[in-house]
Amino acid sequence: MKILWENILITMIAFVILYWLLNKFAFSKLFAVMEQRRELVLGQLNEAKQTREQATVYVEEQKDALKQARQDAFEIIEQSKQSSSKQAHDLLEQAKHDALRMKNEAVRDIESERNKAVEALRTEIGTFSVNIASKLIEREVENNPAEQEKLVNQYLDEVGKKS
């Protein structure tokens, strides 16, 4: 095999000319397109990174908001429990107070009625006593002790029947 230096030289010259032509007309446009593509990809990566960071921040904000909403709901429930407990306690105290007041009124009414009954009985006994005394005095004039005893027993029986 014989090396042909002329072919190698022609090939090198053709390669240099081809490289110069490509560099002058094609490489600059090709590299510009590739640079634009690289910048576009880098921009998209940066946007994706920012979007991911924003999403992370948004998720954290939502978690915090949900946590705060749960805390608020818990506080509202606790306040409702305390309020209902206080209302129940107040109602119970009011009921006790009303029952005590009603009991005291009933005791006063009973005492008043008893006093009225005792007073009526005293008045009636007083009337009977006066009647007995007047009849005894009438009979005393007659000086009959058996009749006086009979009269006293009769009036005592009448008092016993009326009470």
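Q: What percentage of the 163 residues of the protein chain count as buried?
A: The model is a predicted one. A residue is called buried when its relative accessible area is under 20%. Of the 163 residues of the protein chain, the share that counts as buried is 3%.

Q: How many helices and how many strands does the secondary structure of the protein chain come to?
A: Helix H1 covers residues 5-142, and helix H2 covers residues 145-162. The secondary structure of the protein chain comes to two helices and zero strands.

Q: Is the protein chain more spread out than a compact globule, or less?
A: For 163 residues the globule rule gives 15 Å, and the radius of gyration of the protein chain, 63 Å, is well over that. Along the principal axes, the C-alpha atoms fill a box of roughly 195 × 30 × 15 Å. Because the radius of gyration is well over the value from the rule, the answer is that the chain is more spread out.

Q: What percentage of the area that the protein chain exposes do carbon and sulfur atoms supply?
A: The protein chain exposes about 14,700 Å². The part of this area supplied by carbon and sulfur atoms is 61%.

Q: Which residues form a nonpolar patch on the surface?
A: A residue needs over 30% relative accessible area to belong to a patch. Ile 13, in helix H1, has 45% and therefore counts as partly exposed. The patch has about 620 Å² of accessible area together, and its members are Leu 9, Ile 13, Ile 17, Trp 20, Leu 21 and Phe 25.

Q: How far apart are the mean positions of the positive and negative charges of the protein chain?
A: The protein chain has 24 positive and 27 negative charges. The mean positions of these two sets are separated by 13 Å.

Q: With which residue does Asp 90 meet in a salt bridge?
A: A salt bridge requires a side-chain nitrogen of Lys or Arg within 4 Å of a carboxyl oxygen of Asp or Glu, and by this rule the count comes to eight. For Asp 90, which is partly exposed at 38%, the N to O distance is 3.1 Å. The partner lies four residues away in helix H1, about one turn of the helix. This partner, exposed at 53% relative accessibility, is Lys 86.

Q: Which residues are joined into one network by salt bridges that share partners?
A: Glu 113 and Lys 116 form a salt bridge with closest N and O atoms 3.8 Å apart, and they are three residues apart in helix H1, so about one helical turn separates them. Arg 101 forms a salt bridge with Glu 105 at 3.2 Å; Arg 101 is partly exposed at 37%, and Glu 105 is partly exposed at 31%. Being four residues apart in helix H1, Arg 101 and Glu 105 are also separated by about one helical turn. After Glu 113, which is partly exposed at 48%, the network can be named: shared partners join Asp 98, Arg 101 and Glu 105.

Q: Is Lys 161 buried or exposed?
A: Lys 161 lies in helix H2, and its C-alpha atom is 18 Å from that of Glu 149, twelve residues apart along the chain. A residue counts as exposed when its relative accessible area is over 50%. Because its relative accessible area is 73%, Lys 161 is exposed.

How values were computed:
Residues numbered from 1 in each chain as written. Predicted model: local features only at pLDDT ≥ 70, side-chain atom pairs only at ≥ 80, totals over all residues. Heavy atoms only, no water. Patch = residues over 30% accessible without salt bridge, like charges linked within 9 Å, V, L, I, M, F, W, Y side chains within 5 Å. Areas by Shrake-Rupley, 256 points an atom, 1.4 Å probe, with all protein chains shown as cover. Buried < 20%, exposed > 50% of the residue type's maximum accessible area, 1.4 Å probe, protein only. Rg over C-alpha atoms; globule rule 2.2 N^0.38 Å. Lys, Arg positive; Asp, Glu negative; His and termini not counted. Charge placed at Lys NZ, Arg CZ, Asp CG, Glu CD.
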